[in-house]
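This report describes the fold of one protein chain, a helix pair and some individual residues. The sequence and model are shown first.

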Amino acid sequence: MNYKQNFAQEVYDHVDSGESIKSCMGCGVCAISCPLTKHMDYSPRRVFAMIRAGQREQVLGSRDIMLCTSCYSCIVRCPRKVRVMDVMHGLAHYALEQGYVPRKDTMTFGRKFWNSIYKLGKIDETKVANQYMLADGLIPGIKKGLEMIDMALTMVLKKRMKLIPERPIKGVKGLRKMLDKAQEMEGKGGHK
């Protein structure tokens, strides 16, 4: 394993809410609270310990930092009010900036999701799902689509996915201007 002595300081300086890791006492409430812990190799508590231990490659290359669903359970239950969710999102964003792609599928889905928001002002679940599935080409897209058919049917039945394309919200141009301005303030250009 590679260790980078100043990785913790790098996280404190460059990751959203990274400084809050200093307050973590390692109790594990975040890990117990997280609905996805059973799908993780490293729970949030373990990720924080790895940061302190200087395990930069293991943390930034981990798929676990991309799994957070923003349920807030960790933040609500943390006795020290560590911004666990914000740190996990910040680590994911920082990893992508640094050239790590721990979960290519998550990154692809995220881009399709935000493109829908930018173009329509809301999510067109059907279009996002189709673009996500076909991102790697037609044949892989068909295979991915067949793997996800049960989820798609459930979403249609629960009226979470429509068969008719969504229309843009009223004022979508104003929303785009705000998003462009926010990106400009971050120095990363627009979404176009």
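Leaving aside its neighbours within four places in sequence, with which residues is K144 in contact? With contact meaning heavy atoms within 4.5 Å, the partners of K144 beyond those neighbours are D105, Y132, M133 and D136. K144 lies in helix α9 (residues 138-147) and counts as buried, at 13% relative accessibility. Here buried means under 20% relative accessible area, exposed over 50%, and partly exposed in between (1.4 Å probe, protein chains only).

The model is predicted: local features need pLDDT of at least 70 and side-chain atom pairs count only at pLDDT 80 or more, whereas totals for chains, interfaces and linings use all residues. Residues are numbered from 1 along each chain as its sequence is written, and side-chain values use heavy atoms, with hydrogens and water left out.

**Overall fold**

The protein has 11 helices and zero strands; these are DSSP runs, numbered from the N terminus (helices H or I, at least four residues; strands E, at least two). Its C-alpha atoms fill a box of roughly 50 × 40 × 30 Å along the principal axes. Of the 192 residues, 38% are buried. Among contacts with a separation of 6 or more, 64% are between residues 24 or more positions apart.

**Helices α3 and α6**

Helix α3 (residues 44-52) and helix α6 (residues 84-97) have axes that come within 11 Å and cross at roughly 60°. The axes are lines fitted to C-alpha atoms over the stretch in contact, and angles run from 0 to 180 degrees between N-to-C directions. The contact involves P44, V47, F48 and I51 of α3 together with V84, V87, M88 and L91 of α6. By class, the residues of this contact are eight nonpolar, no polar and no charged. Nonpolar covers Ala, Val, Leu, Ile, Met, Phe, Trp, Tyr, Cys and Pro; charged covers Asp, Glu, Lys and Arg; the others, Gly among them, are polar.

**Helix α8**

In helix α8 (residues 125-133), the buried residues are E125, T126, V128, A129, Y132 and M133. Seen down the axis of α8, they fall within an arc of 165°, so they line one face of the helix. The arc is that of the directions from the helix axis to the C-beta atoms.

**Positive phi in loops**

Two residues other than glycine with positive phi are listed below.

| Residue | Phi | Loop | Relative accessible area |
|---|---|---|---|
| S17 | near 60° | between α1 (7-14) and α2 (29-33) | 30%, partly exposed |
| K81 | near 60° | between α5 (73-77) and α6 | 53%, exposed |
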